[in-house]
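Good morning, everyone, and thank you for making room for this on the agenda. I would like to walk slowly through one structure, so please have it open in front of you as I talk.

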Amino acid sequence: MIRKIIRIDKEKCNGCGACADACHEGAIDIIDGKAELVREHFCDGLGDCLPECPTGAISFEEREAPAYDEEAVKEAQKKVFAKNQAMSTHTGCPGSRSMQIQRSETPENIKSAPSVEQLSKLQNWPVQIKLAPVSAPYFDGAKLLIAADCTAYAYASFHQDFIRNKVTLIGCPKLDQVDYSEKLTAIIQNNNIQSVTIVRMEVPCCGGLEMAAKKALQDSGKFLPWQVITISIDGKTIE
């Protein structure tokens, strides 16, 4: 049937996941860092997801699509609710689901003494992508680290393993609700950047930062060594 349904512009989408959170029917998933309408028969065409999109990537269109299946939506919602009840009380974005991580504490009497390795390795300020000047002198000849905000809290040796000998930029596409790619493109284009390391969390909304960094590398027209490292919620690197 021909009916009104949402359309997602993947070029504009930054993968923040706000639309997926706002869609009570569960029609939208975040796949490879982009929002995607994966269940057309779950979309009621009312557009609850539209106001939540910070980049204007979602619009209406009229086209051939399966009819809205309210019964299927209710059944799916029951299954999701049951699953979430078994795991936790959280029903929103996986990246904001609360959990307690159990760790074995090192006894006070055998904790290692402070060493030089525990000193900060940060070499630049500001570190927020939105605040960093495009032509800051520290970008000249820099190995650039683009990191999600949460990574430094999840990964214990973040300074030693990632910040050391790099210029650091951090951001959160879900909270900032901006497209970082323009700013990152300008930084890479206008400076002698040597390499780019992207460090993100395993949660879907972090895909927005990865996509923005990859787009910046592509749009800059430069061929630089780059890598993506994913950190799990319990603080390990994921191969």
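Before we look at any pair of strands, let me say that two strands count as paired if DSSP finds at least two bridges between them. Please also keep in mind that what you see is a predicted model.

With that in hand, we can take strand 5, which covers residues 143-148, and strand 7, which covers residues 195-201, and say that they pair in the parallel sense over 5 bridges. If you want a place to put your finger, Lys-143 stands opposite Ser-195 in strand 7. Helix 7, residues 207-220, packs on the sheet and touches strand 5, strand 6, strand 7 and strand 8, and its direction makes about 165° with that of strand 7.

Now let us step back to the sheet as a whole, which is an open one of 5 strands in the order 6-5-7-8-9, with mixed pairing. Which strands stand at the edges? They are strand 6, at 167-171, and strand 9, at 237-238, and each has a single partner strand, so one side of each is left without a neighbour in the sheet. As general background, strands of a sheet pair through backbone hydrogen bonds, either parallel or antiparallel.

Let me stay with strand 7 a little longer, and pick out Thr-197, which is found in it. Is Thr-197 buried or exposed? Its relative accessible area is 4%, and because the cut-off for buried is under 20%, Thr-197 is buried. Setting aside residues up to four places away in sequence, Thr-197 touches Leu-144, Leu-145, Ile-146, Lys-166, Gln-227 and Ile-229.

For contrast, Asp-149 sits in the loop between strand 5 and helix 3, and with a relative accessible area of 25% this residue is partly exposed. Beyond its neighbours within four places in sequence, Asp-149 is in contact with Gln-128, Ile-170, Gly-171 and Cys-172. The C-alpha atoms of Asp-149 and Leu-169 are separated by 9.2 Å, although these two residues are 20 residues apart along the chain.

Next, helix 7 itself, where the length can be checked by a small piece of reasoning: at 1.5 Å a residue, its 14 residues should span 20 Å, and the end C-alpha atoms are indeed 20 Å apart, which agrees. Several of its residues are buried, among them Leu-209, Ala-213 and Leu-217, and the buried residues of the helix pack against strand 5, strand 6, helix 5, helix 6, strand 7 and strand 8. Following helix 7 we meet Gly-221, whose phi is positive, near 80°.

That brings me to the interior. In soluble globular proteins, nonpolar side chains tend to be buried together. Here the largest nonpolar core has 39 residues, of which Phe-139 and Val-196 touch the most other members. Strand 5, helix 4, strand 6, helix 6, strand 7, helix 7 and strand 8 each supply at least two residues of this core. A second, separate core of 18 residues includes Cys-13, Ala-27, Ala-35 and Ala-65.

Finally, a few totals: the secondary structure of the protein chain comes to 7 helices and 9 strands, and buried residues make up 41% of its 239 residues. The chain exposes about 13,700 Å², with carbon and sulfur atoms supplying 51% of that area.

Terms used: Residues are numbered from 1 along each chain as its sequence is written. This is a predicted model: local features need pLDDT of at least 70, side-chain atom pairs count only at pLDDT 80 or more; totals for chains, interfaces and linings use all residues. Side-chain values use heavy atoms; hydrogens and water are left out. Helices (H or I, at least four residues) and strands (E, at least two) are DSSP runs, numbered from the N terminus. Contact means heavy atoms within 4.5 Å. Axes are lines fitted to C-alpha atoms, for helices over the stretch in contact, and angles run from 0 to 180 degrees between N-to-C directions. Buried means under 20% relative accessible area, exposed over 50%, partly exposed in between (1.4 Å probe, protein chains only). A nonpolar core is a set of buried Ala, Val, Leu, Ile, Met, Phe, Trp, Tyr and Cys residues joined through side-chain atoms within 4.5 Å. The expected span of a helix is 1.5 Å times one less than its number of residues. Accessible areas come from the Shrake-Rupley method with a 1.4 Å probe; for residues, only the protein chains shown count as cover.
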